[in-house]
Amino acid sequence: MKIGVLALQGDFDAHRRRLEQLGAEVTLVKKPEQLDAMDGLVIPGGESGTFLKLLGDEGFAKLKQFVTEKPAFGTCAGCILLAKEVENPPQVGLGALDIRVRRNAYGRQLESSIREGVFNHKPIEMVFIRAPKIVHVGEGIEVLGTEGTDPVLVRKGKTMAGTFHPEMSDDKAVHQYFLDLVAGQR
Amino acid sequence: MSLNNGNSSPRLKVGLAEMLKGGVIMDVVNVEQAQIAEKAGAVAVMALERVPAQIRAEGGVARMASPVMIRKIMETVSIPVMAKCRIGHFVEAQILEQLGVDYIDESEVLTPADEAHHVDKHLFKVPFVCGARNLGEALRRISEGAAMIRTKGEAGTGDVVHAVKHMRQIMKDIRELTSMREDELYTRAKDLQAPYDLVRMVAKEGKLPVPNFSAGGIATAADAALVMQLGAEAVFVGSGIFMNSSSELASTDEATRRAKAIVMAATHFNDPKVLLEVSADVPGAMKGLSVAGLPESQLLQTRGW
């Protein structure tokens with residue numbers, strides 16, 4: 001199974017390590033044409049606005065096509081990129097998931113936190129860093145993870161997005177779930 | 001439910017640095033420059049009163065920037081905002097934390113406030129970045145609580161030579177450690193003037209326990225790619241974007257083009273085709289000062305202990 005990690009900027013290496021621990025063959029994707037060979041894609045944390053600048057129009061179009069056809073999982077900035085609507089400030093999204101995401105919704109770095117949430121009915125550690133919030137969930141979106149009353153990990157079909165950083169915790173369950181999804185077992 | 005406790009804070013501090021990897025952090029002195037930086041794709045801005053080239057040219061005591069100016073920049077951009085405090089000036093750091101900046105740079109670019117001690121960075125919730133010229137210095141800063149290390153280089157010169165020197169030195173020091181016997185690490189720790197536990201950790205992992213960025217004299221896309229190929233995980237660019245010389249500002253158009261080129265270079269640092277394209281897009285670079293021609297007394301990198 002070939003998994004790409006979008007490696008324009010951000011914590012792509014942490015995702016690479018985690019996916020390799022789980023047995024995936026990982027490619028760091030910097031060029032749009034590299035997407036053609038991938039079975040699935042992880043969009044890491046980082047600065048979503050910077051991702052957009054580095055993608056350019058061509059890269060954005062190619063990525064948009066990929067996420068409509070193939071499995072994708074975005075964390076934090078990746079979640080923002082996959083959303084249909086982005087606020088604070090408004091920003092273009094790939095529209096793969098019918099969610100509205102508010103950037104820096106908790107505040108600045110001093111409000112970053114490690115919390116216990118629930119994923120797939122089990123407690124799990126969640127690392128939030130200058131994290132966004134999913135403030136609106138559209139029709140047909142399944143909530144896989146919650147923190148308090150907030151949806152923090154969502155899925156529709158083959159697309160997943162989370163506002164926290166499972167790549168920064170020891171628990172491998174979220175990445176395993178995505179790999180199962182790519183393998184057609186979810 | 002919050003799990004925040006004494007152990008979670010270092011992970012959150014290093015975590016933000018992880019998010020900045022592969023990116024460019026740009027020095028800015030006002031709202032307009034911060035907007036140019038964000039539009040060009042900077043992952044963060046460093047809010048300063050004057051860029052290092054101006055500090056070097058104008059002299060005087062360089063201190064923490066005005067909180068009013070920093071706050072205006074925080075209100076303007078959505079990317080993280082960093083600010084500098086003087087070496088050892090823990091009250092400037094307390095003020096910056098209270099202001100809510102996302103990272104503090106305890107920086108040799110400002111005039112040191114203490115000739116022997118750095119800030120005890122463990123006492124803060126806000127993360128710190130510190131400069132280093134070699135592994136010993138990097139590990140001393142990490143033991144004090146720094147969550148990110150950057151090379152010092154020679155700030156404000158536009159001459160990349162010492163950013164290269166310091167990155168090579170740190171990487172060489174790390175490689176040496178990885179080939180040593182366990183019992184040799186004790187003496188090496190003594191030589192490096194660094195805590196043994198950290199020395200042992202680096203020997204085992206082959207890398208610093210926190211992200212390792214580069215700063216100090218990076219002026220062009222090629223400079224950024226050079227330090228990245230040498231092992232830097234992200235770059236800080238200061239005077240090189242907004243200055244033509246130590247006194248003359250670059251035009252908005254020039255600064256924008258330079259900033260965009262450096263952002264592209266930090267991502268595609270291993271791709272000469274992209275580096276050629278982005279380099280051809282930029283009209284010129286900061287005139288700069290050759291570090292080799294600077295008297296010892298004017299070096300900023302020797303500040304810090």
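Which residues touch the most other members of the largest nonpolar core? This report starts there, then turns to the contact between the chains and to one buried arginine. The model is predicted.

## The nonpolar cores

The largest nonpolar core holds 90 residues. Seven positions touch the most other members. From chain A come Leu63(A) and Ile99(A). From chain B come Met26(B), Ile70(B), Ile73(B), Leu96(B) and Val101(B). Helix 2 of chain A, residues 48-69, gives the most to this core. Its share is eight residues.

Take Val101(B) as an example. Leaving aside residues up to four places away in sequence, Val101(B) touches Ile70(B), Met74(B), Val81(B), Ala83(B), Leu96(B) and Val126(B). Two of these partners, Ile70(B) and Leu96(B), also belong to the group that touches the most other core members. A second core stands separate and has 50 residues. Among them are Val29(B), Ile142(B), Ala189(B) and Ala215(B).

## Where the chains meet

Chain A brings 34 residues to the contact, and chain B brings 40 residues. Together the two chains bury about 3,000 Å². Carbon and sulfur atoms account for 56% of that area. On chain A, Arg108(A), Leu110(A) and Ile114(A) supply 24% of the area buried against chain B. That is more than any other three residues.

Charged and polar pairs also link the chains. There are four salt bridges between chain A and chain B. The side chains of Lys31(A) and Asp271(B) form a salt bridge, at 2.7 Å from N to O. The count of residue pairs in polar contact between the chains is 19, with both residues at pLDDT 80 or more.

## The chain A side

Helix 2, strand 7 (113-119) and strand 8 (122-128) of chain A each give two or more residues to the side that touches chain B. Strand 7 of chain A gives the most, with four residues. By class, this side of chain A has 10 nonpolar, 11 polar and 13 charged residues.

## A buried arginine

Is Arg188(B) buried or exposed? Its relative accessible area is 15%, so Arg188(B) is buried; the cut-off for buried is under 20%.

Arg188(B) lies in helix 8 of chain B, residues 185-192. Which residues does Arg188(B) touch, not counting those up to four places away in sequence? They are Asp173(B), Glu176(B), Leu177(B) and Met180(B).

Notes
Residues are numbered from 1 along each chain as its sequence is written. Chains are lettered from A and ligands numbered from 1 in the order in which they are written. This is a predicted model: local features need pLDDT of at least 70, side-chain atom pairs count only at pLDDT 80 or more; totals for chains, interfaces and linings use all residues. Side-chain values use heavy atoms; hydrogens and water are left out. A nonpolar core is a set of buried Ala, Val, Leu, Ile, Met, Phe, Trp, Tyr and Cys residues joined through side-chain atoms within 4.5 Å. Buried means under 20% relative accessible area, exposed over 50%, partly exposed in between (1.4 Å probe, protein chains only). Contact means heavy atoms within 4.5 Å. Buried area is the accessible area (1.4 Å probe) that two parts lose on being put together, summed over both. A polar contact is a pair of N or O atoms within 3.5 Å; within protein, one must be able to donate a hydrogen and the other to accept it, and residues adjacent in sequence count only if both atoms are side-chain atoms. Ala, Val, Leu, Ile, Met, Phe, Trp, Tyr, Cys and Pro count as nonpolar, Asp, Glu, Lys and Arg as charged, and the others, Gly among them, as polar.
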